[in-house]
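Biologist: I would like a close look at one part of this protein. Please take it step by step, in plain words.

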Amino acid sequence: MLFRKNLEKDGFSMMQYSVYIRHCGSHESLDVHFRRVKGLLPEEGNVSVLAVTDKQYSNIYNFTNVTKKKGKKNIIRKEPVQLELF
(Lines give C-alpha, C1' and ligand atoms only; values in the text may rest on other atoms or scores of the structure.)
Protein backbone atom coordinates (compact mmCIF):
# COMPACT_ATOMS: atom_id res chain seq x y z
CA MET A 1 0.00 0.00 0.00
CA LEU A 2 2.87 2.38 0.77
CA PHE A 3 4.42 1.58 -2.62
CA ARG A 4 1.16 2.48 -4.39
CA LYS A 5 0.86 5.76 -2.47
CA ASN A 6 4.44 6.67 -3.32
CA LEU A 7 3.79 5.96 -7.00
CA GLU A 8 0.77 8.26 -6.90
CA LYS A 9 2.87 10.98 -5.19
CA ASP A 10 5.33 10.65 -8.09
CA GLY A 11 2.57 11.31 -10.65
CA PHE A 12 1.56 7.76 -11.55
CA SER A 13 -2.12 6.94 -11.92
CA MET A 14 -3.88 3.59 -11.90
CA MET A 15 -4.85 2.34 -15.36
CA GLN A 16 -6.27 -0.91 -13.97
CA TYR A 17 -5.66 -2.96 -10.84
CA SER A 18 -1.88 -3.36 -10.35
CA VAL A 19 -1.11 -1.39 -13.55
CA TYR A 20 0.08 2.19 -13.16
CA ILE A 21 0.98 4.69 -15.88
CA ARG A 22 2.93 7.91 -16.04
CA HIS A 23 3.76 10.12 -18.99
CA CYS A 24 7.41 11.08 -19.38
CA GLY A 25 8.18 13.77 -21.92
CA SER A 26 11.76 12.66 -22.59
CA HIS A 27 14.21 9.79 -22.13
CA GLU A 28 15.88 11.78 -19.36
CA SER A 29 12.58 12.01 -17.47
CA LEU A 30 12.04 8.28 -18.05
CA ASP A 31 15.45 7.52 -16.52
CA VAL A 32 14.60 9.64 -13.46
CA HIS A 33 11.36 7.74 -12.87
CA PHE A 34 13.03 4.36 -13.45
CA ARG A 35 15.43 5.20 -10.63
CA ARG A 36 12.61 6.46 -8.38
CA VAL A 37 10.51 3.32 -8.86
CA LYS A 38 13.55 1.15 -8.19
CA GLY A 39 14.20 3.12 -4.99
CA LEU A 40 10.56 2.74 -3.86
CA LEU A 41 10.51 -1.02 -4.42
CA PRO A 42 9.44 -2.93 -1.29
CA GLU A 43 11.96 -5.40 0.16
CA GLU A 44 10.28 -8.40 -1.45
CA GLY A 45 8.70 -6.50 -4.34
CA ASN A 46 8.56 -7.40 -8.01
CA VAL A 47 7.87 -4.60 -10.48
CA SER A 48 8.02 -4.63 -14.27
CA VAL A 49 8.42 -1.39 -16.20
CA LEU A 50 7.42 -1.11 -19.84
CA ALA A 51 8.39 2.05 -21.73
CA VAL A 52 5.96 2.88 -24.53
CA THR A 53 6.31 5.78 -26.96
CA ASP A 54 3.44 8.22 -27.52
CA LYS A 55 2.90 6.73 -30.98
CA GLN A 56 2.70 3.18 -29.59
CA TYR A 57 0.34 4.31 -26.81
CA SER A 58 -1.96 5.96 -29.34
CA ASN A 59 -2.58 2.52 -30.87
CA ILE A 60 -4.14 1.10 -27.68
CA TYR A 61 -7.76 0.02 -27.98
CA ASN A 62 -9.83 -0.23 -24.80
CA PHE A 63 -13.03 -2.26 -24.80
CA THR A 64 -15.47 -2.24 -21.91
CA ASN A 65 -18.54 -4.39 -21.46
CA VAL A 66 -20.42 -3.23 -18.38
CA THR A 67 -23.57 -5.04 -17.30
CA LYS A 68 -26.09 -2.95 -15.41
CA LYS A 69 -27.76 -4.46 -12.39
CA LYS A 70 -31.38 -5.66 -12.37
CA GLY A 71 -31.23 -7.38 -15.76
CA LYS A 72 -30.89 -4.28 -17.93
CA LYS A 73 -29.02 -4.40 -21.25
CA ASN A 74 -25.24 -4.34 -21.56
CA ILE A 75 -23.60 -1.02 -22.23
CA ILE A 76 -20.73 -1.28 -24.71
CA ARG A 77 -18.56 1.79 -25.11
CA LYS A 78 -17.62 1.97 -28.79
CA GLU A 79 -15.11 4.81 -28.57
CA PRO A 80 -12.05 4.42 -26.32
CA VAL A 81 -11.63 7.02 -23.62
CA GLN A 82 -8.80 9.41 -24.43
CA LEU A 83 -6.10 9.62 -21.78
CA GLU A 84 -5.10 13.16 -20.88
CA LEU A 85 -1.31 13.47 -20.88
CA PHE A 86 0.32 16.26 -18.95
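Is aspartate 10 buried or exposed? Please build the surroundings into your reply too.

Modeller: A caution comes before the reply. This is a predicted model.

Now to the residue itself. Aspartate 10 is buried, because its relative accessible area is 12%, and buried means under 20%. Few residues share that label: buried residues make up 8% of the 86 residues in the protein.

Next, the location. The protein has 3 helices and 4 strands. Read from the N terminus, their order is α-β-β-α-α-β-β. Aspartate 10 sits in the loop between α1, residues 2-9, and β1. That places the residue between the opening α and the β that follows in the order.

What does aspartate 10 touch? Set aside the neighbours within four places in sequence. The contacts are then Arg22, His33 and Arg36.

Take Arg36 from that list. The side chains of aspartate 10 and arginine 36 make a polar contact at 2.6 Å. The pair also counts as a salt bridge, with the closest N and O atoms 2.6 Å apart. Arginine 36 belongs to helix α2 while aspartate 10 is in the loop between α1 and β1, so the pair ties together parts that are 26 residues apart in sequence. A general point helps here. Side chains of opposite charge can pair when their charged atoms come close.

The two partners differ in cover. Aspartate 10 is buried at 12% relative accessibility. Arginine 36, at 42%, is partly exposed.

The salt-bridge count for the model is 2. One of them is the pair just described. Another joins the side chains of glutamate 8 and arginine 4, at 3.4 Å from N to O. Here both residues lie in helix α1. They are 4 residues apart, which is about one turn of the helix. Both are partly exposed: glutamate 8 has a relative accessible area of 35%, and arginine 4 has 29%.

Now follow the chain past the loop. Strand β1 covers residues 13-16, and strand β2 covers residues 19-21. The two run antiparallel and are joined by 3 bridges. Methionine 14 has tyrosine 20 in β2 as its bridge partner. Together β1 and β2 form a hairpin, with 2 residues between them. Serine 18 is in the turn, and its phi is positive, about 70°.

On the other side of the loop is α1. Does α2 reach this helix elsewhere? Look at leucine 40, which is in helix α2, residues 27-40. Leaving out residues up to four places away in sequence, leucine 40 touches Phe3, Asn6 and Leu7. Its C-alpha atom is 8.1 Å from that of leucine 7, although the two residues are 33 apart along the chain. Leucine 40 counts as partly exposed, because its relative accessibility is 27%.

Last, the wider view. Consider contacts between residues at least 6 apart in sequence. Of these, 36% join residues at least 24 apart. The accessible surface comes to about 8,100 Å², and carbon and sulfur atoms account for 54% of that.

To return to your residue: aspartate 10 is a buried residue, and its salt-bridge partner is arginine 36.

Terms used: Residues are numbered from 1 along each chain as its sequence is written. This is a predicted model: local features need pLDDT of at least 70, side-chain atom pairs count only at pLDDT 80 or more; totals for chains, interfaces and linings use all residues. Side-chain values use heavy atoms; hydrogens and water are left out. Buried means under 20% relative accessible area, exposed over 50%, partly exposed in between (1.4 Å probe, protein chains only). Contact means heavy atoms within 4.5 Å. Accessible areas come from the Shrake-Rupley method with a 1.4 Å probe; for residues, only the protein chains shown count as cover. Two strands pair if DSSP finds at least two bridges between them. A polar contact is a pair of N or O atoms within 3.5 Å; within protein, one must be able to donate a hydrogen and the other to accept it, and residues adjacent in sequence count only if both atoms are side-chain atoms. A salt bridge is a side-chain nitrogen of Lys or Arg within 4 Å of a carboxyl oxygen of Asp or Glu.
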